[in-house]
Each structure stands twice: as C-alpha cells, then as structure tokens.
Amino acid sequence: MAKLQTYKPIQARVTHKSPLKIKSEALRKLSQDKRAVVCLLFLIIVAIIGAFAPLLAPHDPNELFYESILEAPSKEHLLGTDAIGRDLLSRLIYGVRVTISVSMLAVAITFFLGTFIGLLCAYVGGWVDNVLMRIMDILLALPSIILALAIVAILGPSLTNAMIAVGVASIPGFSRLIRGAALTIKSSGFVEASRSIGSSHHWIILRQFLPNVTGVLLVFTTLFIGVAILDTAALSFIGLGAQPPTPEWGTMLSEGKNYMSDAWWLATFPGLAITMVVFAVNLLGDALRDIFDPKSS
C-alpha cells in the first residue's frame with residue numbers, strides 16, 4: 001500500500017523592519033546626499049555660533065562706538081558699524097540666538113498643536129473632525145503671514161507675541177497634513193486588528209499612529225523652520241516683532257534699509273544671513289522628503 005505523502009503548510013514570511021533599522025537606513029541615505037550633509041553641517045555651525053555668542057562676538061551687541069558711526073567693514077569692525085556706532089558682526093552673531101530660538105519655539109507650537117489636532121480629527125472623526133477641519137479651512141483661506149499679522153495686532157508688538165503668532169498661523173496647514181497621513185493609517189488592517197482585540201485608544205495613537213507619521217512630521221517640521229525664520233524676520237522688519245535694541249536679523253534689516261546708498265553693509269549682511277540659513281534648511285528638508293518618500297525606495 002502506497003504511503004500517503006504529508007505536506008507541510010506553507011508559511012508566509014512577513015518582512016518587518018524594526019524602527020532601529022529604518023533609522024539606520026535613513027541616516028545612510030542622508031549621509032550619501034552631499035548637499036544635505038553640507039547643509040546639516042552649516043546649520044550645526046550656526047547653532048554653535050548662537051550658543052556661544054558671548055564668547056565669539058568681538059563686542060557687546062549694544063556697545064556704542066561714537067568715533068565709528070556708519071564705518072565700513074575694517075580690521076576693527078569686520079562687518080562695519082550701524083547708524084549709532086554698534087558693531088554689526090557682534091549684533092549678527094547675537095541675532096542668531098534671537099532669530100533661531102524664536103523660530104524654533106514657533107515651530108514647537110505648530111508641531112504639538114498641529115499634530116494633536118490632526119491625529120484627533122483622523123482618529124475620532126464624526127462631528128469633531130467636521131468642526132475642527134472647517135475652522136482650519138477658514139484659517140487656511142488667509143495666508144499665514146496675514147494671519148500672523150492679525151494675531152500680533154491683537155496681542156501687541158513684541159518678540160514673544162510674534163513667536164506665538166507665527167506658530168499659531170501655521171497650525172491649519174500642519175494639522176491638515178497630519179490628518180491626511182493619519183487617515184491612511186486608520187484604514188489599514190493593523191489598526192482594525194488592534195481595535196478588535198481591545199487595545200486602548202491611547203495605545204493605538206502612540207504605538208501605531210505616531211510611528212507611522214514620523215516621516216511626514218520630520219519632513220514638514222524641517223521645511224517649516226525656514227518659513228518660521230522668514231515670518232519672524234518679516235514681523236520684526238515691519239516693527240511688530242523684536243523691538244530695538246534687540247539684535248534680531250529682521251530688525252537689523254529694517255534699520256539698514258534707510259542707508260542702502262551710503263552704508264550697503266547694514267542691510268546686506270543680515271539679508272545674507274537670513275537667505276543662507278533658510279536655503280540650507282530647505283535643502284535639508286528636500287533631502288529628508290526624498291528619504292522618507294516611499295516612491296524613492
């Protein structure tokens with residue numbers, strides 16, 4: 001009698017990349033992009049300059065040199081002096097601390113509130129989603145800088161109010177982006193499986209939603225840093241942000257615009273500083289977008 005052949009069931013292999021492996025792959029791709037590496041190093045150097053401004057600045061940013069008013073770049077003052085004799089290089093170095101710190105705090109406001117609203121709308125849905133998204137749509141009808149101007153006009157001109165205005169004005173776009181990414185995750189099978197076995201809402205949001213929108217969060221946050229720097233400088237330029245004698249790049253640019261014909265350096269160097277930092281941030285954000293884009297794999 002012929003023996004019956006026994007067949008072993010075929011087991012499907014499910015490939016799953018650990019978060020540590022994903023991070024290592026992202027770092028490897030980032031290190032292969034020369035432009036991203038150069039921009040990252042440049043931003044690190046800028047951050048170090050801002051952190052050690054008291055040690056690196058040759059003079060106090062508000063020290064007056066009455067004998068060197070509107071002096072062109074020289075050995076004593078490498079970037080020249082302004083209309084009341086303050087060293088421009090010292091003010092530019094101290095301005096790193098003010099401009100970058102205020103912009104990062106504005107990004108933090110947008111990040112936390114925008115992420116919370118986006119995830120809440122995607123996960124809860126229903127009337128909560130409809131009400132919050134309609135409010136976001138109304139706010140999106142206005143450009144972010146116009147909305148920031150309205151908020152500062154209500155709160156009053158100051159550096160803190162400018163930071164709040166820039167952060168709040170960018171929440172609608174950020175929350176809508178996170179909501180779109182979270183809705184895709186919500187319809188996936190693993191979320192439904194977690195609900196069927198009785199996983200808590202807190203666990204699903206923290207363990208399944210957040211890790212899967214990390215790439216979107218990282219890319220958009222990086223790109224928004226450049227927008228926050230420009231908006232903060234714009235508010236200071238028109239007198240609604242940092243107030244004199246605070247060494248802020250937008251304020252310095254506003255002070256130098258009246259002396260373009262006689263003292264070109266007053267507006268040129270702060271403008272270059274803003275341009276270079278924003279350009280580096282945008283290039284880094286583009287590199288991160290390419291890394292976390294599934295189509296690039």
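Hi everyone, let me start with one residue: threonine 99 is buried, with a relative accessible area of 0%. Please keep in mind throughout that this is a predicted model. Threonine 99 sits in helix α4, which covers residues 88-124. What does the side chain of threonine 99 pair up with? It makes a polar contact of 3.2 Å with the side chain of glutamate 248. If we set aside neighbours within four places in sequence, threonine 99 is in contact with Ile229, Glu248 and Trp249. So glutamate 248 turns up both as a contact and as the polar partner, and threonine 99 counts as buried because its 0% falls under the 20% cut-off.

Let me step back to the whole chain. The protein has 13 helices and zero strands, so if you read the elements from the N terminus on, you just say "alpha" until you run out. Of the 297 residues, 41% count as buried. Now take the contacts with a separation of 6 or more: 68% of them are between residues 24 or more positions apart.

Next, two helix pairs. Helix α2, residues 34-51, and helix α13, residues 265-292, have axes that come within 9 Å and cross at roughly 135 degrees. Why do we call α2 and α13 oblique? An angle of roughly 135 degrees lies outside the parallel, perpendicular and antiparallel ranges, the last of which starts over 145, and therefore the pair is oblique. The crossing of α2 and α13 is left-handed. On the α2 side, the contact is made by Arg35, Ala36, Cys39, Leu40, Phe42, Leu43 and Val46. On the α13 side, the residues are Met276, Val277, Ala280, Val281, Leu283, Leu284 and Ala287. If you wonder about the spacing in lists like these, an α-helix has 3.6 residues a turn, so residues three or four places apart point the same way.

The other pair is α6, residues 144-155, with α7, residues 159-169. Their axes come within 8 Å and cross at roughly 140 degrees, which makes α6 oblique to α7 as well. The crossing of α6 and α7 is right-handed. From α6, the contact uses Ser144, Leu147, Ala148, Ile151, Val152 and Leu155; from α7, it uses Asn161, Ala162, Ile164, Ala165, Val166, Val168 and Ala169.

While we are on α7, which of its residues are buried? They are Asn161, Ala162, Met163, Ala165, Val166, Gly167 and Ala169. Among the elements covering them are α4, α6, α8 and α11, and α4 is the helix that holds threonine 99.

Now the cysteines, since somebody usually asks. The structure holds zero disulfides. Cysteine 39, one of the α2 residues that meet α13, is buried at a relative accessible area of 7%. Cysteine 121 is buried too, at 1% relative accessibility.

Last stop, a loop. Where is serine 68? It lies in the loop between α3, residues 53-56, and α4. Buried or exposed, then? Serine 68 counts as buried, at 7% relative accessibility. Not counting residues up to four places away in sequence, serine 68 touches His77, Thr81 and Gly85.

That is my tour. If you take one picture back to the bench, make it threonine 99 of α4, buried and joined by its side chain to that of glutamate 248. Thanks, everyone!

Technical notes: Residues numbered from 1 in each chain as written. Predicted model: local features only at pLDDT ≥ 70, side-chain atom pairs only at ≥ 80, totals over all residues. Heavy atoms only, no water. Disulfide = S-S within 2.5 Å. Buried < 20%, exposed > 50% of the residue type's maximum accessible area, 1.4 Å probe, protein only. Helix = DSSP H or I, 4+ residues; strand = E, 2+ residues; numbered from the N terminus. Polar contact = N/O pair within 3.5 Å; in protein donor to acceptor, adjacent residues only side chain to side chain. Contact = heavy atoms within 4.5 Å. Axes fitted to C-alpha atoms, helices over the stretch in contact; angles between N-to-C directions. Parallel < 35°, antiparallel > 145°, perpendicular 65-115°, else oblique. Left-handed = near helix turned anticlockwise from the far one by under 90°.
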